[in-house]
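Q: I'm new to this structure and would love a close look at one part of it. Could you start at the tail end of the chain and then show me how that part compares with the rest?

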Amino acid sequence: MGVHARLSGLETGTNTPGTVAGALGTAALFVVTAIMITSAGSTLDSALAALTRLGAQDLAGLVQRPRQRPSVRTAMILMIAFALAGNLPILV
């Protein structure tokens, strides 16, 4: 995207993909937007899954319980907590 913007002489600012896609037309803007949303969702899903797995497995050790299989319920609660905590800066 950056190379195409530079070669085309586009003023990009902080949103190079949006500027280039807008210059290519509405269909390209839609495709680039869909790709960016999919990438962001995939990255967020991986990050939340890793954090909740770590928390669900290590939570028993933090509360001095014997090591046992992490529950799905604990992982779901942690995922919701991390998602809410991550959105607090946007809401405040």
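A: Happy to take you there. Val-92 sits in the segment that follows helix H4, which spans residues 72-91. Keep in mind as we look around that this is a predicted model.

Is Val-92 buried or exposed? Its relative accessibility is 84%, and because exposed means over 50%, Val-92 counts as exposed. Val-92 also has company on the surface: together with Leu-88, Ile-90 and Leu-91 it forms a nonpolar patch. The four residues of this patch share about 500 Å² of accessible area.

For a contrast, let's turn to a residue in another helix. Thr-52 belongs to helix H3, which covers residues 26-62. With a relative accessibility of 4%, Thr-52 counts as buried, because the cut-off for buried is under 20%. What does Thr-52 touch, once neighbours within four places in sequence are left aside? The contacts are Ala-75, Leu-78, Met-79 and Phe-82. Helix H4 runs over 72-91, so if you are following along in the 3D view, that is the stretch to look at next.

A second buried spot lies earlier in the chain. Val-20 is placed in helix H2, residues 16-24, and its relative accessible area of 3% is why it counts as buried. Not counting residues up to four places away in sequence, Val-20 touches Met-1, His-4, Ala-5 and Leu-10. Take His-4 as one of these partners: it is 16 residues from Val-20 along the chain, yet their C-alpha atoms are separated by 7.5 Å.

Now let's step back to the whole protein. It has four helices and zero strands, so from the N terminus on the order reads α-α-α-α. Of its 92 residues, 13% count as buried; Thr-52 and Val-20 are among them. The protein exposes about 7,300 Å², and carbon and sulfur atoms supply 66% of that area. Looking at contacts with a separation of 6 or more, 22% of them join residues 24 or more positions apart.

Finally, a word on confidence. The average pLDDT of the protein is 80, and 88% of the residues score at least 70. Among the elements, helix H4 has the highest mean pLDDT, 83, while helix H1 (residues 2-8) has the lowest, 79. Where pLDDT is low, the predicted coordinates should not be read in detail.

How values were computed: Residues are numbered from 1 along each chain as its sequence is written. This is a predicted model: local features need pLDDT of at least 70, side-chain atom pairs count only at pLDDT 80 or more; totals for chains, interfaces and linings use all residues. Side-chain values use heavy atoms; hydrogens and water are left out. Patches are made of residues with over 30% relative accessible area and no salt bridge: like charges are joined within 9 Å, nonpolar side chains (Val, Leu, Ile, Met, Phe, Trp, Tyr) within 5 Å. Accessible areas come from the Shrake-Rupley method with a 1.4 Å probe; for residues, only the protein chains shown count as cover. A salt bridge is a side-chain nitrogen of Lys or Arg within 4 Å of a carboxyl oxygen of Asp or Glu. Helices (H or I, at least four residues) and strands (E, at least two) are DSSP runs, numbered from the N terminus. Buried means under 20% relative accessible area, exposed over 50%, partly exposed in between (1.4 Å probe, protein chains only). Contact means heavy atoms within 4.5 Å. pLDDT is the predictor's confidence in each residue, from 0 to 100.
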